[in-house]
Amino acid sequence: MSEPRLVEVRRNVLKQNDVLARSLREQFRLAGVFVVSLVSSPGSGKTTFLERTLTDLQPRYRVAALVGDLATENDALRLARSKAPVKQITTGTVCHLEATMVQNALAGWDLNQMDFLFIENVGNLVCPSSYDLGENLRLVLMSVTEGEDKPLKYPTIFNSADIAVITKNDLAEAVEFDWKAAQSSIQSVRPGMRTFRVSAKTGEGMQEYLAFLSRQLVENPRV
Ligand SMILES: Nc1nc2c(ncn2[C@@H]2O[C@H](COP(=O)(O)OP(=O)(O)OP(=O)(O)O)[C@@H](O)[C@H]2O)c(=O)[nH]1
Ligand SMILES: [Mg+2]
């Protein structure tokens with residue numbers, strides 16, 4: 001008896017999340033803010049990549065960021081070095097962000113004053129995949145040190161994402177990273193997925209990614 005009930009409760013939670021995510025998406029659309037979420041395993045380089053993104057975009061765009069972790073304000077403090085508005089969401093024991101957490105964290109912020117809002121999810125390759133946050137673009141990161149087969153092992157998160165970013169490319173040679181094998185893993189779970197290859201440490205590959213982001217604003221003009 002207990003198993004079907006558990007499934008039912010989980011379905012209800014997901015449904016509530018989808019309703020709120022839809023409302024968030026509408027708020028974002030009306031305000032003309034383009035929202036990008038970042039998902040990956042712990043330590044793939046989300047915060048390092050996002051800090052660089054916030055810094056590099058700011059001369060031209062108004063940017064802000066939310067960042068989720070189970071505990072600590074560490075990532076918010078790092079991102080705040082970019083001088084962009086940043087808020088930390090601490091989830092306690094929850095291994096993903098939910099739409100309601102995003103909605104609450106946005107209190108006091110004027111979405112109309114933003115061009116881009118970034119949401120760094122909790123480091124986890126499983127839980128975040130089921131939760132829509134109302135974002136326009138979901139970006140899955142994978143570092144060269146994790147192994148080329150991660151997309152094959154965690155297909156759901158790669159399937160729920162729009163683009164992939166291979167990070168820490170400055171370490172690729174040291175770990176004998178096989179770009180072809182990684183691409184083939186990504187393409188076999190998500191055919192046609194656009195993939196960027198970057199190093200947030202050296203800046204390599206960042207220009208191409210930032211140009212891609214700029215194009216999103218042109219292709220999704222304010223209403
Ligand atoms: N060599 C190298 N190291 C990097 C790069 N990006 C991140 N790192 C290092 O990788 C480690 C983890 O980076 P974070 O940016 O904290 O990773 P994260 O995905 O935000 O981690 P969580 O939020 O804990 O999931 C840190 O020691 C970074 O300095 C990179 O491009 N090159
Ligand atoms: Mg982080």
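I take helices (H or I, at least four residues) and strands (E, at least two) as DSSP runs, numbered from the N terminus. The model is predicted, and I accept local features at pLDDT of at least 70 and side-chain atom pairs only at pLDDT 80 or more, while totals for chains, interfaces and linings use all residues. Side-chain values use heavy atoms, without hydrogens and water.

**Entry 1: helix H2.** I looked up aspartate 56 and arginine 52. Both lie in helix H2, 4 residues apart, about one turn of the helix. They form a salt bridge (a side-chain nitrogen of Lys or Arg within 4 Å of a carboxyl oxygen of Asp or Glu). Their closest N and O atoms are 3.7 Å apart. Aspartate 56 is partly exposed at 32% relative accessibility. My cut-offs are under 20% relative accessible area for buried, over 50% for exposed, and partly exposed in between (1.4 Å probe, protein chains only). Arginine 52 is partly exposed too, at 27%.

**Entry 2: a distant pair.** I found arginine 81 bridged to glutamate 51 at 2.9 Å, N to O. Arginine 81 sits in the loop between H3 and strand S3 (86–90), glutamate 51 in helix H2, 30 residues apart. Arginine 81 is exposed at 54%; glutamate 51 is buried at 17%.

**Entry 3: magnesium ion (ligand 2).** I list Thr47 (OG1), Asp75 (OD) and Glu120 (OE) as protein donors, 2.0 to 2.2 Å from the ion. Threonine 47 is in helix H2 (residues 46–57) and aspartate 75 in helix H3 (residues 74–80), so this pair ties together parts 28 residues apart in sequence. Both are buried. Donors here are N, O and S atoms within 2.8 Å of the metal (3.2 Å for Na, K and Ca); water is not among the atoms, so the site may look incomplete.

Notes: Residues are numbered from 1 along each chain as its sequence is written. Chains are lettered from A and ligands numbered from 1 in the order in which they are written.
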